[in-house]
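Colleague: I should be grateful for a close look at a single helix of this model, and then at its surroundings. Please state the cut-offs as you use them.

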Amino acid sequence: MNKDIILKTTTRIIVPFILVFSLYVLAHGEISPGGGFQGGVIFAAGFILYSMVFGVEELYKIISKKVIIFLTALGVSIYTGVGFITMLNGGKFLEYAKIPGFDMKSGNAMGLLFIETGVFITVFSVMLLLYIEVAKKYDN
Amino acid sequence: MTIVIDILFLTFLIFAALLSIYFKNLLNSTIVLGAYSLYVAVLWTTLNAIDVAFTEAAVGAGISTVLFLAVFTKIQPEDRSVIKRNRQILALGTLFFVGYLLILGITDMPKFGDPNWVTNTYLIPDYIERTMHETGAVNIVTAILGSYRGFDTNGETAVIFIAGICTYLILNRGEN
């Protein structure tokens with residue numbers, strides 16, 4: 001974009017807060033409103049704001065497109081992987097109480113956090129990918 | 001007090017929806033649609049549906065507006081394509097038909113907050129009672145999404161993944 005110093009400085013200050021807030025929304029989703037989906041969208045919004053102000057090329061220095069596409073698949077894999085781990089440990093698909101190393105109570109809490117992390121990663125990377133794909137042809 | 005907020009924001013909502021059609025400039029329409037999503041989010045907050053309001057504010061007012069704007073940079077600012085007259089009549093007819101179906105659907109809905117309605121007599125009290133000691137999650141919405149309906153959420157995540165990859169492939173067709 002243009003070389004607006006106010007825009008750039010504000011973005012530099014505000015982006016870390018957006019990213020930390022999204023992680024709070026993810027980790028605190030069991031207690032307060034929020035969860036993986038909302039957290040992922042806010043995390044993606046931070047990156048989108050960065051790439052809107054500094055350009056997509058600056059974004060590729062942080063996270064390349066290959067990594068973003070890899071992350072879309074990684075999130076679903078984490079979610080489904082939790083299901084298969086519980087199956088291998090003698091439970092049903094996504095029966096969080098059977099996650100190795102946890103009892104029923106903490107297993108449920110950890111299972112929720114694991115699958116929310118999977119949702120978070122997929123939603124974040126898909127939103128970012130959509131934005132990059134839509135905005136890309138404008139640059140050249 | 002709540003009724004005043006409801007009426008105020010529902011008025012804003014209809015006003016924003018009408019404005020988004022009224023504006024000939026697509027940029028104005030996009031911005032007004034973002035405001036529309038924000039009003040919906042506030043209305044859901046007054047209905048205590050905080051999770052939905054959160055999602056609406058993040059996706060409806062945030063990401064979709066940005067995506068619309070990104071698309072907007074690639075098309076003509078004022079789309080003056082000629083719409084045929086009979087198409088308009090067809091669109092109006094479809095609008096009234098769908099509206100009629102929706103209003104027909106409303107008659108089957110329960111009264112707002114009706115304590116004797118089916119879901120309020122056994123399902124919701126059951127979740128409220130069981131969620132805390134079964135899953136350890138205070139937020140019942142997250143517990144239902146993640147634990148009781150975990151398989152559905154798995155499918156939803158897969159849908160997001162597939163939709164994202166398909167969009168990527170369609171937008172990159174013919175390259176490489």
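Modeller: The helix chosen is α4(A), whose buried residues are Lys65(A), Ile68(A), Leu71(A), Thr72(A), Gly75(A), Val76(A), Tyr79(A), Val82(A), Gly83(A) and Thr86(A). Buried here means under 20% relative accessible area, exposed means over 50%, and partly exposed lies in between, with a 1.4 Å probe and protein chains only. Helices (H or I, at least four residues) and strands (E, at least two) are DSSP runs, numbered from the N terminus.

This is a predicted model, in which local features need pLDDT of at least 70 and side-chain atom pairs count only at pLDDT 80 or more, while totals for chains, interfaces and linings use all residues. Residues are numbered from 1 along each chain as its sequence is written, chains are lettered from A and ligands numbered from 1 in the order in which they are written, and side-chain values use heavy atoms, with hydrogens and water left out.

The length of α4(A) agrees with expectation, because its 24 residues, at 1.5 Å a residue, should span 34 Å, and its end C-alpha atoms are 34 Å apart. The expected span is 1.5 Å times one less than the number of residues in the helix. After α4(A) comes Gly90(A), which has a positive phi, near 100°.

The helix also takes part in the interface between the chains. In total, 46 residues of chain A are in contact with 39 residues of chain B, contact meaning heavy atoms within 4.5 Å. The size of an interface is often given as the accessible area lost when the parts come together. Chain A and chain B bury about 3,500 Å² between them, and 73% of this area is on carbon and sulfur atoms. Buried area is the accessible area (1.4 Å probe) that two parts lose on being put together, summed over both. The elements of chain A that give two or more residues to the side touching chain B are α1 (5-27), α2 (36-54), α4 (65-88) and α5 (104-139). Of these, α5(A) gives the most, with 21 residues. By class, this side of chain A has 31 nonpolar, eight polar and seven charged residues. Ala, Val, Leu, Ile, Met, Phe, Trp, Tyr, Cys and Pro count as nonpolar, Asp, Glu, Lys and Arg as charged, and the others, Gly among them, as polar.

Salt bridges are a separate matter. The term denotes a side-chain nitrogen of Lys or Arg within 4 Å of a carboxyl oxygen of Asp or Glu. The rule finds zero of them across the interface of chain A and chain B, although the structure holds four over all chains. One of the four joins Glu58(A) and Lys61(A), at 2.9 Å from N to O. Both residues lie in helix α3 (residues 56-62) of chain A, three residues apart, about one turn of the helix. Glu58(A) counts as partly exposed because its relative accessibility is 29%, whereas Lys61(A) is exposed, with a relative accessible area of 64%. Another salt bridge pairs the side chains of Glu95(A) and Lys98(A), at 3.7 Å from N to O. Glu95(A) is partly exposed at 27%, and Lys98(A) likewise counts as partly exposed at 30%.

In chain B, Asp126(B) forms a salt bridge with Arg130(B), their closest N and O atoms being 2.8 Å apart. These two residues lie four residues apart in helix α5 (residues 118-135) of chain B.
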